[in-house]
Amino acid sequence: PYPESAVTWWEMGLMQPSEWRGQWISFEQPEEKAIRESGAVWITNDGGAGAKGSDTQHDFRYEFTLPSAVRRAHLYVTGKGTDSAWVNGKQVLTADPLPPYKQMPWKRYKEVDVTSQLQQGSNLLALGVTLYATSTGSSFTTATVSTTPMSACLYIELADGSVKLIRSDESWKSMLNAPQGWTTQSFE
């Protein structure tokens, strides 16, 4: 061990507010930066009658076309509740069960590799957010049950090296408790 040094002090600072400029010092992968800067917004459905006090499924769909083969792709999704995801009808993310303490964490992206599910041409991304109704904790009203937010971003690196971002915005289709088959491309 080194001998103890004498007590001392130091200080530093910038005197003018205009001098306070900086950025976080860290390493960030290009994919992580693209997700952070994507502009993905929180979206919700228009709700529905009769949702009060019951588990609800908040369903979101987005159809898109890819001009070429996919080298790699990752889906990032979060919602108030627990998330499920399907790409071209195949489930790639399963909702978590309600834990014993009856509270679901949210506002943290779940990440899943969806490279093998995407194809050149037409594709469908379907996301479901399950909001569990609980008798403990906060009491749900029709407004909170019927408007569950979700945010998502799909990072796609195409075969030619270009990057395509699919992000949640107002153009997505949504529904509360959609009927069976809503995750398939043939569903209207």
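This report describes a four-stranded sheet, the nonpolar cores and the salt bridges of a predicted model.

## The open sheet

In this predicted model, 4 strands form an open sheet in the order 5-2-7-8, and their pairing is antiparallel. Strand 5, covering residues 110–113, and strand 8, covering residues 163–167, stand at the edges with a single partner strand each, so one side of each is left without a neighbour in the sheet. On average, and with direction ignored, neighbouring strands of this sheet are turned by 15 degrees against each other.

Going through the sheet in that order, strand 5 and strand 2 are paired in the antiparallel sense over 4 bridges, and in this pairing Y76 has E111 of strand 5 as its bridge partner. Strand 2 is joined to strand 7 by 9 bridges, again with the two strands running antiparallel; here L75 is the bridge partner of L154 in strand 7, while V77 stands opposite A152 in strand 7. Strand 7 in turn pairs with strand 8 in the antiparallel sense, over 5 bridges.

## Strand 7 and its hairpin

Strand 7 spans residues 150–158, and 9 of its 9 residues are buried. Its side chains fall into two sets: M150, A152, L154, I156 and L158 point one way, whereas S151, C153, Y155 and E157 point the other way, and all of them are buried. Strand 2, which spans residues 70–79, is also mostly covered, with 8 of its 10 residues buried.

Strand 7 and strand 8 form a hairpin in which 4 residues lie between the two strands, and G161 in the turn has a positive phi of about 95 degrees. Within the pairing of these strands, the bridge partner of Y155 is L165 in strand 8, and C153 stands opposite R167 of strand 8.

## The nonpolar cores

In soluble globular proteins, nonpolar side chains tend to be buried together. The largest nonpolar core of this model has 25 residues, of which V114, L118, L127, M150, L154, I156 and W172 touch the most other members. At least two residues of this core come from each of strand 1 (56–66), strand 2, strand 3 (82–87), strand 4 (90–93), strand 6 (121–131) and strand 7. The largest share, 5 residues, is supplied by strand 7.

V114 gives a view of the surroundings of one such member: leaving aside its neighbours within four places in sequence, V114 is in contact with A73, H74, L75, V87, V92 and L154. Apart from the largest core lies another core of 5 residues, among them A34, I35, C153 and Y155. C153 and Y155 belong to the set of strand 7 residues that points the other way from M150, A152, L154, I156 and L158.

## Salt bridges

Which residues does the salt bridge between strand 2 and strand 7 link? A search of the whole structure finds 7 salt bridges, and in one of them the side chains of R71 and E157 meet at 2.8 Å, N to O. This pair links distant parts of the chain, since R71 lies in strand 2 and E157 in strand 7, 86 residues apart. R71 is partly exposed, with a relative accessible area of 45%, whereas E157 is buried, with a relative accessible area of 12%. Both residues also belong to a network of salt bridges that links E31, R71, R72 and E157.

Another salt bridge joins the side chains of R61 and E63, with an N to O distance of 3.4 Å. Here R61 is buried, with a relative accessible area of 10%, while E63 is partly exposed, at 46%. A further salt bridge is formed by E37 and R36, with the closest N and O atoms 3.8 Å apart; R36 counts as exposed because its relative accessible area is 54% and the cut-off for exposed is over 50%.

Key:
Residues are numbered from 1 along each chain as its sequence is written. This is a predicted model: local features need pLDDT of at least 70, side-chain atom pairs count only at pLDDT 80 or more; totals for chains, interfaces and linings use all residues. Side-chain values use heavy atoms; hydrogens and water are left out. Two strands pair if DSSP finds at least two bridges between them. Axes are lines fitted to C-alpha atoms, for helices over the stretch in contact, and angles run from 0 to 180 degrees between N-to-C directions. Buried means under 20% relative accessible area, exposed over 50%, partly exposed in between (1.4 Å probe, protein chains only). A salt bridge is a side-chain nitrogen of Lys or Arg within 4 Å of a carboxyl oxygen of Asp or Glu. A nonpolar core is a set of buried Ala, Val, Leu, Ile, Met, Phe, Trp, Tyr and Cys residues joined through side-chain atoms within 4.5 Å. Contact means heavy atoms within 4.5 Å.
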